[in-house]
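Let's go through this one by asking what each label rests on. Have a look at the model, then read on.

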There are 4 protein chains.
Amino acid sequence: MMRKPVIGVMGPGESATEIDIKNAYKLGKLIAKENWILLTGGRNVGVMDAANKGAKEAGGLTIGILPSNHTKNVSDAVDIAILTDVGNARNNINVLSSDLIVACGIGLGTVSEIALGLKNRKPVILLSQHQESQQFFKNLSPNLTFIAVDTEQIITLIKEILKKVK
Amino acid sequence: MMRKPVIGVMGPGESATEIDIKNAYKLGKLIAKENWILLTGGRNVGVMDAANKGAKEAGGLTIGILPSNHTKNVSDAVDIAILTDVGNARNNINVLSSDLIVACGIGLGTVSEIALGLKNRKPVILLSQHQESQQFFKNLSPNLTFIAVDTEQIITLIKEILKKVK
Amino acid sequence: MMRKPVIGVMGPGESATEIDIKNAYKLGKLIAKENWILLTGGRNVGVMDAANKGAKEAGGLTIGILPSNHTKNVSDAVDIAILTDVGNARNNINVLSSDLIVACGIGLGTVSEIALGLKNRKPVILLSQHQESQQFFKNLSPNLTFIAVDTEQIITLIKEILKKVK
Amino acid sequence: MMRKPVIGVMGPGESATEIDIKNAYKLGKLIAKENWILLTGGRNVGVMDAANKGAKEAGGLTIGILPSNHTKNVSDAVDIAILTDVGNARNNINVLSSDLIVACGIGLGTVSEIALGLKNRKPVILLSQHQESQQFFKNLSPNLTFIAVDTEQIITLIKEILKKVK
């Protein structure tokens with residue numbers, strides 16, 4: 001048996017911008033269409049919620065790795081809710097459980113996930129207008145940091161990366 | 001949307017008995033037939049491995065919550081591997097992420113999972129010939145500890161319990 | 001340099017009995033007098049609180065491993081509060097960070113700590129009138145489970161065990 | 001009772017520069033002289049090891065929050081080793097358990113700690129020649145990010161910050 005690729009989509013919750021949310025929704029949709037599994041932080045806000053909604057509308061399977069021990073704030077579009085009860089430490093579980101991470105937007109939680117992802121030798125694709133953060137991570141980890149300008153390019157990039165790592 | 005019930009099957013790894021493994025395999029199969037999701041500790045030994053194999057053969061969906069940060073010891077029959085890298089602390093994630101826990105056999109890891117499950121107010125069904133442990137947990141948590149004599153009875157019990165908690 | 005022995009005292013919080021609390025207080029005192037470090041779950045209730053108070057009154061050093069990300073419920077008698085924010089998963093950190101564990105009383109959290117302690121090959125001393133649990137763990141792990149009838153006997157036992165493991 | 005301030009010193013392990021190590025050593029010394037408690041990631045390399053050595057030589061108390069479940073790689077200058085066995089997720093415990101964090105140098109682990117520290121509303125002081133990372137975090141969290149040019153300035157800054165938060 002071969003496990004399906006798991007694509008982690010990380011990004012701001014409450015502080016997500018409209019563009020982040022639009023991108024996350026499209027990304028969720030495209031990931032589901034490729035028959036990949038979507039993994040997010042699972043909450044019912046921001047990038048997490050939007051990516052899950054996109055994936056569900058396209059018939060995908062969605063995993064949410066929650067910081068809490070209850071399901072009150074789980075996105076309705078999460079199929080399987082993993083209740084870690086480890087707070088922000090779940091960010092490390094998010095990146096370890098993903099074959100590849102897409103950071104959609106920027107914020108402190110997302111920065112910790114990008115850093116932990118790269119530290120764990122996971123490829124990370126950055127999608128944001130935030131050039132400063134792109135350069136920052138590119139300098140810290142040149143071989144594993146990828147920059148994308150739109151969601152379509154991300155799918156192409158993921159296919160290329162998965163070919164190499166599998 | 002309603003998330004499907006997640007049934008956690010916990011039990012010994014390397015020290016599982018032949019009976020534990022036979023029970024876990026049957027249980028995995030029966031859980032999958034009910035269209036419930038199977039959640040285990042995910043490793044390729046003992047009760048975890050057997051339950052996953054049973055579930056996969058019946059076409060079910062299987063989640064493995066691994067203690068490690070790598071996939072070397074993941075059961076081939078796990079569809080989605082959550083790599084927690086939190087060691088035995090993942091036992092708490094196992095029980096929190098399950099709607100209901102079945103303990104199939106006994107061992108120190110399993111004892112910690114039964115105790116953490118009951119502490120988190122999760123129903124726990126004990127399947128083992130081990131009367132002493134049944135009585136021990138029944139005394140500690142009379143309302144949430146259930147005793148079963150075989151796998152078929154477990155499925156009946158799960159249906160009854162799910163009706164109440166949902 | 002040699003690190004000082006760290007003695008973990010585990011036991012019920014809100015559900016501790018008067019005897020548990022009395023024992024924990026005496027135990028904390030005796031541990032401090034031996035110049036050992038006391039480690040507990042750190043909250044301001046039950047066995048944790050009493051053991052810390054005993055140790056502080058005898059001039060000892062006390063470490064509390066908290067389940068939360070804040071200091072609201074930390075015992076006043078804790079010198080160093082480790083805020084894990086991993087909920088009950090901190091029970092595994094408690095036992096790993098102790099050279100030896102004393103279980104003072106019984107409850108579901110304590111049962112998980114005894115089981116995780118023994119699984120991690122730590123000596124565990126049980127102090128309780130609860131014969132059933134003593135026998136239960138003695139059967140699961142005969143070489144690492146020790147039974148004590150009072151706090152003085154525990155100190156003698158700890159000295160013997162530390163001599164062997166160091 | 002009032003708990004003593006806990007100052008977290010974070011920074012690269014294997015990839016620390018000579019300057020990072022020199023700064024960490026001096027910082028450990030100065031922290032101990034103020035009678036504050038030093039908290040680090042606890043391993044016997046880089047910034048962690050150097051800070052602990054500085055603190056011990058000045059007679060301080062040192063806490064190490066280890067990623068592992070064993071003491072093989074603990075710095076000799078750690079007084080109390082907390083064995084979390086949660087891998088890089090211990091970075092969240094490091095920052096939560098510190099009243100204030102000093103990042104001494106830069107690397108992926110350190111970036112995750114700075115981000116998690118700021119996310120948890122902890123003041124973070126950056127000590128490095130790395131202007132890009134200073135600006136990056138200053139933009140993400142202007143009120144909690146502080147820049148220092150040397151270890152003496154850090155101590156002055158810590159005193160000012162502790163006055164406000166206590």
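Q: What makes the pairing of A:Asp49 and A:Lys53 a salt bridge?
A: Their side chains meet at 2.9 Å, N to O. A salt bridge needs a side-chain nitrogen of Lys or Arg within 4 Å of a carboxyl oxygen of Asp or Glu, so this pair qualifies. Keep in mind that this is a predicted model, where local features need pLDDT of at least 70, side-chain atom pairs count only at pLDDT 80 or more, and totals for chains, interfaces and linings use all residues. Side-chain values use heavy atoms, leaving out hydrogens and water, residues are numbered from 1 along each chain as its sequence is written, and chains are lettered from A and ligands numbered from 1 in the order in which they are written.

Q: Why are A:Asp49 and A:Lys53 separated by about one helical turn?
A: Because they sit 4 residues apart in helix H2 (residues 46-57) of chain A. Helices here are DSSP runs (H or I, at least four residues), numbered from the N terminus.

Q: How many salt bridges are there over all chains, and how many between chain B and chain A?
A: The structure holds 20 over all chains, but the count between chain B and chain A is 0. Between chain A and chain C the count is 0 as well.

Q: What, then, do chain B and chain A share?
A: 25 residues of chain B are in contact (heavy atoms within 4.5 Å) with 25 residues of chain A. The area buried between them is about 2,000 Å², with carbon and sulfur atoms giving 64%. Buried area is the accessible area (1.4 Å probe) that two parts lose on being put together, summed over both.

Q: Which residues supply 88% of the area that chain A buries against chain C?
A: For context, 4 residues of chain A are in contact with 4 residues of chain C, and the area buried there is about 240 Å², 47% of it from carbon and sulfur atoms. A:Asp85, A:Val86 and A:Gly87 supply that 88%, more than any other three residues.

Q: Why is H4(A) called roughly antiparallel to H4(D)?
A: Helix H4 (residues 108-119) of chain A and its namesake in chain D (residues 108-119) pack at about 160°, with axes 8 Å apart. Angles over 145 degrees count as roughly antiparallel, under 35 as roughly parallel, 65 to 115 as roughly perpendicular and the rest as oblique, so H4(A) is roughly antiparallel to H4(D). The axes are lines fitted to C-alpha atoms, for helices over the stretch in contact, and the angles run from 0 to 180 degrees between N-to-C directions.

Q: And what makes H5(A) oblique to H5(D)?
A: Helix H5 (residues 131-140) of chain A and helix H5 (residues 131-140) of chain D pack at about 140°, with axes 10 Å apart. That angle is what makes H5(A) oblique to H5(D).

Q: Which way does H5(A) pass H5(D), left-handed or right-handed?
A: The crossing is left-handed, meaning that the near helix is turned anticlockwise from the far one by less than a right angle; clockwise would be right-handed. H4(A) also passes H4(D) in a left-handed crossing.

Q: Where is there a right-handed crossing?
A: H1(C) passes H2(C) that way. Helix H1 (residues 18-33) of chain C and helix H2 (residues 46-57) of chain C pack at about 35°, with axes 6 Å apart.

Note on methods: Helices (H or I, at least four residues) and strands (E, at least two) are DSSP runs, numbered from the N terminus.
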